[in-house]
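Please look through the sequence and the model shown here. The paragraphs after it lead from one feature to the next.

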Amino acid sequence: MNRAALIATTLFAVGTAGAAIDDPVRIDTGMISGTTTGTPEVRVFKGVPYAAPPVGDLRWRAPKPAAHWDGTRGAEEFGPVCMQGGGNQKMSEDCLYLNVWTGAKAASEKRPVMVWIYGGGYNSGSGSQPMYDGEALAKKGAVVVTFNYRLGALGFFSHPELTKESDRRGAANFGVMDSLAALHWVQQNIARFGGDPKRVTIFGESAGAGMVANLMTIPSAKGLFVHALGESSAWSTAKIAPLSTLADAELEGVKLADGVGAKSLAELRAKPAEAIQKAGRGMGPVVDGYLIPEDPGKVFEAGKQIAVPVLTGSNRDESFGGNPKSAAEFVEQARTRFGDLADAYLKLYPASSDEQARESAFYSGRDEMAFVMRNWARLAAKPGKAKAFVYYFTEQPPRLANARGPFAPGPHGSATHVSEILYAFGHLDGSRPWTDSDRQVADAMSSYWVNFARSGNPNGKGPNGTELDKWPVYDGKNQNVMVFGNPPEGAQSPSEAQLAFFQSYFDKLTAR
């Protein structure tokens, strides 16, 4: 047999032996049939409804169960994304769909499950974005789920009349309710895809990480997940701040109703989804007194969160410190926000010139994000409740010449917000000239992520069965951080004095 024939025969044998789980799959609402991916042993099921369409009278209500169907439903295309601004994707208010990637060969395999929650400031995003493709993680042994949740004013809306109508007192967190509904779907159905409902990890980035952190403080979420992983944001996203209150959210809801000319909740529900979406941005999760009973910062500070292992981290070049026009503006903003702590802040982030003020704004925003993530880990591990692990992403992805907006590489480097996602998902797409260094970091990161999903500990085997570098735990005594960069560059991480300042500000806010 010649070499070419031997290679072809070998590939055929590998592909046949690695064939994915039998198709179609029966879930609680009917039969679904998925489709192939670029990896022969991984199959994907797209656009699976996990709740009823939240349209008409179901707008601004808790998600209802999805309807049953007869026959086999094709799950070969992603469902529409939830209403949001911009983009050329198909949008609809009927958007509560999820997607499953699995490499299991049988339903009995009980692989770890990773449920991804996307970011976008609670106003944009979807589970079908190419960067969230779960194929590589599924190839490494996880069953990966992504899903859509309601966004903006359709997902996070409050109004006095809505509060009065609801049996949930402050029905404001519909996007959060969607996340809970998706997690319930996973509990009921993921075993059919070879997943283990007792080993569910929720993970997300930016607002998605904020959702993960908030879910840890929601009593009704207990038992729906056993590990939590957050990338670049916590319960109040990138900043140290309390969540909005229901009363404040209701005021915004009244303004929105006035803006679209609606005098009642019934009139609001009759308005086109496009009109609602354009009328205002949602406030994100709020303390409604029911689903989110109290501010998450205080819940974590009191050690009352759902006790599960956590893995958190941030990126070296994230910029959420604003862009002050002048040194005077920067100083004024600091005094307004930090009050009696402002002098200490300005010693760490001086503003003797306009240029220095802009530099301080960048480093302050980056360092505050790093503190937010480390504080989440510290509180999750206190007092001995669970293990926590922290990373700092410093790898410099190849720059995109046409990148725009807040995610475009800035003057400080390209390890910006969202830049770690493709590495964590283990697939570097064809949009950039990736290097061997990038591929090594992606392979290691995605392996750590899957290990964490398996056991709540990222340590273990990595690419090709080799042992990964030891990732130490992070707690009040051992504040060890795993640096993802090649070569690792941790010197840019916040100093102890800078982290101590943000700790004092957090303590001040949670003591109120």
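A disulfide joins Cys 82 to Cys 95, with 2.1 Å from S to S, where a disulfide is taken as a pair of cysteine sulfur atoms within 2.5 Å. The structure holds one such link, and with 85° about the S-S bond the connection of Cys 82 and Cys 95 is right-handed. Both Cys 82 and Cys 95 lie in the loop between β5 and β6 (97–102), so the pair ties together parts that are 13 residues apart in sequence. Cys 82 counts as buried at 1% relative accessibility, and Cys 95 counts as buried at 1% as well; buried means under 20% relative accessible area, exposed over 50% and partly exposed in between, with a 1.4 Å probe and protein chains only.

This is a predicted model, in which local features need pLDDT of at least 70 and side-chain atom pairs count only at pLDDT 80 or more, while totals for chains, interfaces and linings use all residues. Residues are numbered from 1 along each chain as its sequence is written, and side-chain values use heavy atoms, with hydrogens and water left out.

The next feature is a sheet. Three strands form an open sheet in the order β1-β2-β5, with mixed pairing; strands (E, at least two residues) and helices (H or I, at least four) are DSSP runs numbered from the N terminus, and two strands pair if DSSP finds at least two bridges between them. The edge strands, each pairing on one side only, are β1 (25–27) and β5 (72–74). Strand β2 (residues 30–33) runs parallel to β5 and is joined to β5 by three bridges, and Met 31 has Thr 72 in β5 as its bridge partner.

Aromatic rings supply another set of contacts. Rings of Phe, Tyr and Trp (its six-membered ring) pair if their centres lie within 6.5 Å, and planes under 30 degrees apart count as stacked, over 60 as edge-to-face and the rest as tilted. By this rule there are 35 aromatic pairs. The rings of Tyr 345 and Phe 501 have centres 5.5 Å apart and planes at 45°, so this pair is tilted. Tyr 345 in helix α12 (residues 342–348) and Phe 501 in helix α16 (residues 496–510) are 156 residues apart, and their pair links distant parts of the chain. Tyr 345 and Phe 501 are both buried, and ring pairs link them into a cluster whose members include Phe 330, Phe 338 and Tyr 505.
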